[in-house]
Amino acid sequence: YLKISKLALAFAIIRSKPPGKSCKEYTEHLAKTVSEQDFGWKSKVEVLEAEVLRLRQELLLNKICPRFCSVNDASAEALLDQEHVNPVSYSSQLEDSGCDVSNDYAFDSLGTASDFHQSEHNVNTSKPWLEVVPPLNLCCTSKKEFLTAPVQFLQHLLEIRKLSEGGILQADFTELENDSFTVCNSVSQLLDGLTVFYNSPKFPVSNFLTEAVSVLISLITDTKLSNHVLKKCFKKLEEFKKNLIQIILRNSSVNRFQALHTVSHTLVLLGRNNILRNSLISLLLSEVRRFAEELLQAHQIQAMYDITQYENIFPLCMMLEQLLQNETEESNISSSDYDGEEKIKFLRNLDQIIFHLSDEFPLFSLYLWRVSVLLNSAQIQ
């Protein structure tokens with residue numbers, strides 16, 4: 001039947017082709033026309049789906065707090081102004097390779113770190129480097145609209161939460177359980193949009209991505225909303241973390257270090273949630289162990305190894321060390337998921353790997369040793 005259909009289509013094209021055109025040219029013209037029609041319908045469907053999601057978002061907000069849209073109380077406006085995340089200006093940021101730059105200059109070129117952390121109510125200049133430096137904005141203006149709707153919806157959700165906590169509004173957050181579709185789609189759009197921006201960073205940068213990241217972090221660290229979000233979007237958040245780790249490992253551009261630093265910072269911020277931190281530690285342990293075993297194998301047979309991935313593994317080691325330190329400081333060892341299979345795999349034969357690699361790869365071996373010390377100290381505690 002398929003062969004007969006193809007033959008009939010071929011005869012139809014041959015008989016109907018205009019003079020002066022070959023069958024091939026006419027076939028390509030017809031194919032292009034059909035694909036453009038399909039693309040037009042897909043675009044219309046996407047627009048309608050976006051509108052449906054926007055209406056569902058408005059409806060959900062009204063169900064949670066009917067008075068939210070009509071709040072004109074001065075104290076409520078003051079609280080909104082106070083809680084609103086002010087985007088950080090990075091006007092002094094330069095397009096830089098990240099090489100031959102002192103720590104002081106790096107901080108100056110990235111803008112004022114304290115502005116970002118004041119918005120998170122967590123200013124601490126003694127924090128490790130990944131938490132002190134704010135994330136760079138990598139937003140492409142052509143893709144900004146994709147993030148606008150979910151960011152605004154989640155911002156409103158957080159604002160209602162703050163106002164209800166302050167006793168200004170009454171809100172019923174049990175409605176989140178009844179409409180998981182809207183919450184899941186909004187968070188998924190936000191994560192997909194951030195992944196797109198991290199995949200293709202643009203300098204000089206916009207302020208919009210900082211706001212989007214701040215909304216995401218506020219959402220997963222909020223004591224009341226994070227349970228709803230994690231329950232419905234845990235798989236999507238896990239996929240997002242895996243994508244960011246792969247972005248770090250795969251990036252081979254010469255001018256990549258600012259972008260890698262930004263992705264690393266976002267992952268560490270996600271690690272502020274205990275559930276996400278444990279799974280993130282497991283992912284990082286797995287990737288670092290895999291690379292260490294591949295590097296040892298290449299070293300033993302004197303084969304070539306991927307120098308780019310060797311350079312990119314260090315942000316993963318730094319994140320892993322910092323997350324393990326945070327875990328130890330919070331005395332949350334007994335509930336850690338990484339104490340199982342991934343920890344056993346990582347520590348297995350680690351001493352031999354460090355012994356064989358220490359002469360030629362001293363820095364990487366040092367990081368492996370530091371991580372192993374943190375894991376062993378956690379076990380002792």
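**Figure 1. The whole chain, and how much of it is tucked away.** Of the 381 residues in this protein, 45% count as buried. Keep in mind that what you're looking at is a predicted model. Scan it for secondary structure and you'll find 17 helices and zero strands. The protein exposes about 20600 Å², and carbon and sulfur atoms supply 54% of that area. Now for the contacts: if you take those with a separation of 6 or more, 80% come from residues 24 or more positions apart.

**Figure 2. Two rings meeting across the chain: Phe291 and Phe364.** The model holds nine aromatic pairs. Here, Phe291 and Phe364 sit edge-to-face, with 5.6 Å centre to centre and 85 degrees between the planes. This pair ties together distant parts of the chain, since Phe291 belongs to helix H13 and Phe364 to helix H17 (residues 362-380), 73 residues apart. Are these two rings buried or exposed? Phe291 is buried, and Phe364 is too.

**Figure 3. Phe364 again, this time with Tyr310.** Tyr310 and Phe364 make an edge-to-face pair, at 6.2 Å centre to centre and 70 degrees between the planes. Distant parts of the chain are linked here too: Tyr310 is in helix H14 and Phe364 in helix H17, 54 residues apart. Tyr310 and Phe364 are both buried. Zoom out a little and you'll see one aromatic cluster formed by Phe291, Tyr305, Tyr310, Phe314, Phe361, Phe364 and Tyr367.

**Figure 4. A closer look at Gln309.** You'll find Gln309 in helix H14 (residues 307-329). Why does Gln309 count as buried? Its relative accessibility is 16%, and buried means under 20%, so Gln309 makes the cut. Which residues does Gln309 touch, once you leave aside its neighbours within four places in sequence? Gln309 is in contact with Leu249, Arg290, Phe291 and Glu294. You've met one of these already: Phe291 is the partner of Phe364 in an edge-to-face pair.

**Figure 5. A hole in the protein.** How many cavities of 30 Å³ or more are there? The count comes to one. About 40 Å³ of space lies in the largest cavity. Its lining is made up of Arg289, Ala292, Glu293, Lys345, Phe346, Arg348, Leu350, Ile353 and Leu368. Helix H13 (274-300), helix H15 (341-347) and helix H16 (350-357) are the elements that each give two or more residues to this lining. H13 gives the most, with three residues. Sort the lining residues by type and you get five nonpolar, no polar and four charged.

Technical notes:
Residues are numbered from 1 along each chain as its sequence is written. This is a predicted model: local features need pLDDT of at least 70, side-chain atom pairs count only at pLDDT 80 or more; totals for chains, interfaces and linings use all residues. Side-chain values use heavy atoms; hydrogens and water are left out. On a 1 Å grid over the protein atoms alone, a cavity is a set of points where a 1.4 Å probe fits but cannot get out, and a pocket is an open set with protein on both sides within 12 Å along at least five of seven lines; lining residues have an atom within 4 Å of a point. Grid points are joined across faces, edges and corners, and a volume is the space filled by probe spheres set on the points. Helices (H or I, at least four residues) and strands (E, at least two) are DSSP runs, numbered from the N terminus. Ala, Val, Leu, Ile, Met, Phe, Trp, Tyr, Cys and Pro count as nonpolar, Asp, Glu, Lys and Arg as charged, and the others, Gly among them, as polar. Buried means under 20% relative accessible area, exposed over 50%, partly exposed in between (1.4 Å probe, protein chains only). Contact means heavy atoms within 4.5 Å. Accessible areas come from the Shrake-Rupley method with a 1.4 Å probe; for residues, only the protein chains shown count as cover. Rings of Phe, Tyr and Trp (its six-membered ring) pair if their centres lie within 6.5 Å; planes under 30 degrees apart count as stacked, over 60 as edge-to-face and the rest as tilted.
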